[in-house]
Amino acid sequence: KAQIALACDGVFSAARRQMYPDDSPIYFGQLNWGTVIKSSELPPDLHEKNGVHYFQHHGTPLWMSMCNDGGSGYTFWQFRVTDPGHSRALSGNNGRGGLGL
């Protein structure tokens, strides 16, 4: 018997459905895209080794992007668009609430 299960199969997780059949995904007002790219295929000033390059837009829509050194010659790139009104309504306050605001 396992002591821990790690399900990394996305928002419509088959593993979650087996463990929690009555659970369903909740939209928290964010869309995320991520990918792993060979660092050699990116502009050299995009990120520093062992560093993070972060930039964001505070207008409408609210978005952020970051590039992290993933090691072994790879970079992790993430892009996130947030609907602040929807996110704050679900968090119950005007704080971060784990929603990336």
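**Exercise 1. Locate Asn32, state its exposure and describe its distance to Arg80.**

Solution. Asn32 is found in strand 1, where strands (E, at least two residues) and helices (H or I, at least four) are DSSP runs numbered from the N terminus. The structure is a predicted model, in which local features need pLDDT of at least 70 and side-chain atom pairs count only at pLDDT 80 or more, while totals for chains, interfaces and linings use all residues. Residues are numbered from 1 along each chain as its sequence is written, and side-chain values use heavy atoms, with hydrogens and water left out.

Next, consider exposure. Asn32 has a relative accessibility of 40% and therefore counts as partly exposed; buried means under 20% relative accessible area, exposed over 50%, and partly exposed in between (1.4 Å probe, protein chains only).

Finally, Asn32 and Arg80 are separated by 48 residues in sequence, yet their C-alpha atoms are 4.5 Å apart in space.

**Exercise 2. Derive the strand order of the sheet and describe its pairings.**

Solution. Begin with the overall arrangement: four strands make up an open sheet in the order 1-4-3-2, with antiparallel pairing. Strand 1 (30-38) and strand 2 (52-57) are the edge strands, each pairing on one side only. From one strand to the next, the twist averages 15°, with axes taken as lines fitted to C-alpha atoms (for helices over the stretch in contact) and angles running from 0 to 180 degrees between N-to-C directions.

Then take the pairings, for which DSSP must find at least two bridges between two strands. Strands of a sheet pair through backbone hydrogen bonds, either parallel or antiparallel. Nine bridges connect strand 3 (residues 62-71) and strand 4 in the antiparallel sense. Within this pairing, Ser65 stands opposite Phe79 of strand 4, and Asn68 has Phe76 of strand 4 as its bridge partner. Strand 2 and strand 3 run antiparallel and are joined by six bridges; here Tyr54 has Met66 of strand 3 as its bridge partner.

**Exercise 3. Characterise the connections on either side of strand 3.**

Solution. First, strand 2 and strand 3 form a hairpin with four residues between them. Pro61 is placed in this loop, and a cis peptide bond, with omega of about 0°, joins Thr60 to Pro61.

Second, the hairpin of strand 3 and strand 4 has two residues between the strands. Ser72 lies in that loop and shows a positive phi of about 55° although it is not a glycine. With a relative accessible area of 76%, Ser72 is exposed.

**Exercise 4. How many aromatic pairs does the structure hold, and which residues form the aromatic cluster?**

Solution. The structure holds four aromatic pairs. Rings of Phe, Tyr and Trp (its six-membered ring) pair if their centres lie within 6.5 Å; planes under 30 degrees apart count as stacked, over 60 as edge-to-face and the rest as tilted. One of the pairs is that of Trp33 and Phe79, which is tilted, at 5.9 Å centre to centre and 40° between the planes. Because Trp33 lies in strand 1 and Phe79 in strand 4 (residues 74-82), the pair ties together parts that are 46 residues apart in sequence. Trp33 is partly exposed, at 45% relative accessible area. The cluster consists of Trp33, Phe55, Trp63, Trp77 and Phe79.

**Exercise 5. Identify the salt bridge and state the exposure of Asp23.**

Solution. Side chains of opposite charge can pair when their charged atoms come close. The criterion is a side-chain nitrogen of Lys or Arg within 4 Å of a carboxyl oxygen of Asp or Glu. A search of the whole structure yields one salt bridge: the side chains of Arg16 and Asp23 meet at 3.3 Å, N to O. Asp23 is partly exposed, with a relative accessible area of 40%.

**Exercise 6. Which residues make the nonpolar surface patch, and where is Phe28 found?**

Solution. Ile26, Phe28 and Leu90 make a nonpolar surface patch of about 280 Å². Phe28 is found in the loop between helix 1 (14-19) and strand 1, and its relative accessibility of 38% makes it partly exposed. Patches are made of residues with over 30% relative accessible area and no salt bridge, with like charges joined within 9 Å and nonpolar side chains (Val, Leu, Ile, Met, Phe, Trp, Tyr) within 5 Å. Accessible areas come from the Shrake-Rupley method with a 1.4 Å probe; for residues, only the protein chains shown count as cover.
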